[in-house]
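Me: Hey, I'm new to this one. Can you walk me through what's shown here?

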Amino acid sequence: MTRLEKIYTDKVASVLNKEFGYKSSMEIPCIKAISLNIGLGEASQNAKLIDGAVSELTALAGQKAVVTRAKKSIAAFKLREGMPVGARVTLRRDYMWDFLDKLVSFALPRVRDFRGIPDKGFDGRGNFTLGIKELTIFPEIRLDQIELTKGMNVTIVTSAKTDKEGKMLLELLGMPFKK
């Protein structure tokens, strides 16, 4: 059991149960998965960017990233169907808890002039999406091997039914939202 998962089972679940008054312990919101996504439009011209994105995402996640391909051809972007356009990985169980712990404890405090995360990334069903502009905030990324600074989308999928429940879950797990 990871450190953050232990915090969830020992403290967070009971606080959420008291706050919202669930009838069953199965109703208490939890994190189901974390999806990481890097989109690279420039990859249609330079294939080496995809290899770099896959290796960086694999280093961050601890499991192999998958190359995403274009579904449609778009002539204005010089894009053909099936061309690589990004990389993604979905984390569950221990990988998910380890990544969330790393994000909250190490990566977000390394952001320059960090004042908190805006809470506008909720989708109405308790899931939260966060955009990270530079992957260099993570300790696994080696600065000398980066060709192009890349951004990443992090989507935290929860079992919460409302944004209020999802936000409280993430706050109790240590996510630094703006006040």
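Reply: Sure, one term to begin with: helices (H or I, at least four residues) and strands (E, at least two) are DSSP runs, numbered from the N terminus. This is a predicted model, where local features need pLDDT of at least 70, side-chain atom pairs count only at pLDDT 80 or more, and totals for chains, interfaces and linings use all residues. Residues are numbered from 1 along each chain as its sequence is written, and side-chain values use heavy atoms, with hydrogens and water left out.

Me: How many helices and strands does the protein have?

Reply: Four helices and five strands. From the N terminus on, they run α-β-α-β-β-α-β-β-α.

Me: And what share of the residues is buried?

Reply: Of the 179 residues, 40% are buried, meaning under 20% relative accessible area with a 1.4 Å probe, protein chains only.

Me: OK, Glu165. Where is that?

Reply: Glu165 sits in helix 4 (residues 163-172).

Me: Which side chain of opposite charge is nearest to Glu165?

Reply: Lys161, 6.0 Å away. Glu165 is buried yet has no salt bridge, which would take a side-chain nitrogen of Lys or Arg within 4 Å of a carboxyl oxygen of Asp or Glu. Lys and Arg count as positive and Asp and Glu as negative, while His and the chain ends are not counted.

Me: What does Glu165 touch, then?

Reply: Not counting residues up to four places away in sequence, Glu165 touches Leu16, Phe20, Tyr22, Pro29 and Ala160. Contact here means heavy atoms within 4.5 Å.

Me: Switching topic: which residues of helix 1 meet helix 3?

Reply: Arg3, Leu4, Glu5 and Tyr8 do, against Asp94, Trp97, Leu100, Asp101 and Ser105 in helix 3.

Terms used: Buried < 20%, exposed > 50% of the residue type's maximum accessible area, 1.4 Å probe, protein only.
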